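Colleague: I have a model open and would like a close look at one part of it. Please start there and then work outwards.

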Amino acid sequence: MQIGIVGLGRMGANIARRLMKAGHATVVWDASEKAVQGVGEDGATTASGLSDLVGKLNGSPKAVWVMLPHGKITEDTIEALSGLMGKGDIIIDGGNTYYKDDIRRGKALAAKGQRYLDVGTSGGVWGLTRGYCLMIGGDADAVKHLDPIFATLAPGIGTIERTPGREDRDARPEHGYIHAGPVGAGHFVKMIHNGIEYGMMQAIAEGFDIMRNKNSTALPEDHRFDLNMGDIAEVWRRGSVIGSWLLDLTADALAKDEKLDAFKGDVDDSGEGRWTIEAAIEEAVPAEVLSSALFTRFRSRKDHTFAEKVLSAMRFGFGGHVEPGKK
């Protein structure tokens with residue numbers, strides 16, 4: 001199957017590569033000529049701009065996946081693509097867009113007879129090998145048409161034990177992708193996913209901070225423990241109730257440097273945590289843990305603790321996110 005991809009950053013380039021490894025054809029463009037050349041060397045058809053990209057897509061409907069930061073650059077790109085594409089064609093936004101913007105865009109494209117899919121994409125810099133967990137919003141027929149693309153990008157059922165009672169239900173969630181609902185639903189589910197991620201990361205980070213400070217001179221001498229953070233992270237990975245990919249990333253970072261001196265602890269946020277709290281307020285749903293985790297990130301930019309270094313290490317591990325000031 002053929003698809004266009006706009007935006008060849010940490011995730012966009014690997015999305016193209018994963019698709020090509022499975023035999024799909026990609027037409028790619030990015031403002032960076034170097035990025036375009038790199039994916040072109042791996043087999044993609046390269047384009048010199050949006051018009052050239054759309055022109056190199058064959059058949060109908062044409063589909064273009066936009067993988068850019070949320071905001072003006074994505075708005076402008078989707079508007080430009082809409083002017084180049086025809087009725088029935090499909091524009092996909094796979095970035096971290098605010099779901100209310102998706103709803104607005106979907107209506108605007110529908111008025112032109114075009115279809116819009118919002119795809120919450122989780123997998124970070126590891127998606128090429130691990131696959132991407134996909135949460136899709138939009139027209140069911142468009143989702144069905146692009147199922148070969150989504151099935152290829154998703155992790156697949158793998159070795160994870162199957163959940164009893166799902167035998168007669170939609171098989172896609174077991175393979176790592178889901179049609180969540182109408183336009184906006186995909187990014188809404190991904191937004192809540194990221195909000196939960198904030199809370200889980202914060203809990204892990206605070207736990208390690210407490211353990212690291214168990215050797216504090218403020219404690220009675222016989223109450224002090226000099227604990228090995230790397231060993232604790234490693235043993236918790238293996239059979240403990242809190243085992244997770246986030247803990248795997250923490251163990252990896254601590255194995256390289258138990259003091260995490262490479263990190264200041266200045267923890268950025270992508271915006272999705274804020275949007276999650278906004279949704280909770282709109283729905284009058286209590287979200288104490290998630291809101292606390294978000295506000296801790298704000299505070300981390302003024303006063304750093306070991307917990308924030310652990311958070312920074314996890315963010316770098318799954319998404320390649322560097323701390324502010326290091327970009």
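Colleague: Take F306. Is this residue buried or exposed, and what is its relative accessible area?

Modeller: One caution to begin with: this is a predicted model. F306 is buried, because its relative accessible area is 5%, under the 20% cut-off. The residue sits in helix α15, which spans residues 306-319.

Next, its surroundings. With neighbours within four places in sequence left aside, F306 is in contact with F208, D209, R212, L254, E258, K259 and L260. One of these, L254, falls within helix α12, residues 245-256. H145 is another matter: 161 residues separate it from F306 along the chain, and their C-alpha atoms lie 48 Å apart.

L260, one of the contacts of F306, deserves a stop. The residue is found in the loop between α12 and α13 (272-283). Its phi is near 55°, a positive value in a residue other than glycine. L260 counts as buried, because its relative accessibility is 2% and the limit is 20%. A284 makes a useful contrast. Its phi is also near 55°, again positive in a residue other than glycine. But A284 counts as exposed, because its 67% relative accessibility is over the 50% mark. Its place is the loop between α13 and α14 (288-300).

L260 also leads to a pocket. The second largest pocket is lined by W126, L249, D252, A253, K256, D257, L260, A262, F263, A313, F316 and G317. Two elements give two or more residues to this lining: α12 and α15, the helix of F306. The largest contribution comes from α12, with four residues. The space in the pocket is about 190 Å³. By class, its lining has eight nonpolar residues, one polar and three charged.

There is enclosed space as well. Rolling a probe the size of a water molecule over the atoms shows where empty space is left. One cavity of 30 Å³ or more is counted. The largest cavity holds about 40 Å³. Its lining is D266, V267, D268, S312, R315, H321, V322, E323 and P324. S312 and R315 fall within the residue range of α15. The class count for this lining is three nonpolar, two polar and four charged.

Now the cores. The largest nonpolar core has 31 residues. Within it, I5, W65, L117, L134 and F150 touch the most other members. Helix α1 (residues 12-21) supplies the largest share of this core, five residues. A separate core of 24 residues includes I204, M211, I232 and A307. A307 comes right after F306 in α15.

Back in the largest core, F150 is a good place to stand. Leaving out neighbours within four places in sequence, its contacts are W65, L117, V119, L134, I136, V143 and Y177. Several of these names come back in the sheet.

That sheet is open and has eight strands, in the order β3-β2-β1-β4-β5-β6-β7-β8, with mixed pairing. β3 (45-46) and β8 stand at the edges with a single partner strand each, so one side of each has no neighbour in the sheet. Strand β5 (residues 90-93) runs parallel to β6, and four bridges join them. There I92 stands opposite L117 in β6, and L117 is one of the contacts of F150.

Strand β6 (residues 115-122) then pairs with β7 in the antiparallel sense, over five bridges. V119 has I136 in β7 as its bridge partner. Both V119 and I136 are in contact with F150. Strand β7 (residues 133-137) is mostly covered, with four of its five residues buried. On to the edge: β7 and strand β8 (residues 177-181) pair in the parallel sense over four bridges. L134 stands opposite Y177 in β8, and F150 is in contact with both of these residues too.

One backbone detail remains. The peptide bond from S60 to P61 is cis, with omega near 0°. P61 lies in the loop between α3 (50-55) and β4 (63-66). W65, among the core residues that touch the most other members, falls within β4.

To return to your residue: F306 is buried in the model, at 5% relative accessible area, and L260 is among its contacts.

Key:
Residues numbered from 1 in each chain as written. Predicted model: local features only at pLDDT ≥ 70, side-chain atom pairs only at ≥ 80, totals over all residues. Heavy atoms only, no water. Core = buried A, V, L, I, M, F, W, Y, C linked by side-chain atoms within 4.5 Å. Buried < 20%, exposed > 50% of the residue type's maximum accessible area, 1.4 Å probe, protein only. Contact = heavy atoms within 4.5 Å. 1 Å grid on protein atoms, 1.4 Å probe; cavity = no way out; pocket = protein on both sides within 12 Å on 5 of 7 lines; lining within 4 Å. Points joined across faces, edges and corners; volume = space filled by probe spheres on them. Nonpolar A, V, L, I, M, F, W, Y, C, P; charged D, E, K, R; others polar. Pairing = 2+ DSSP bridges.
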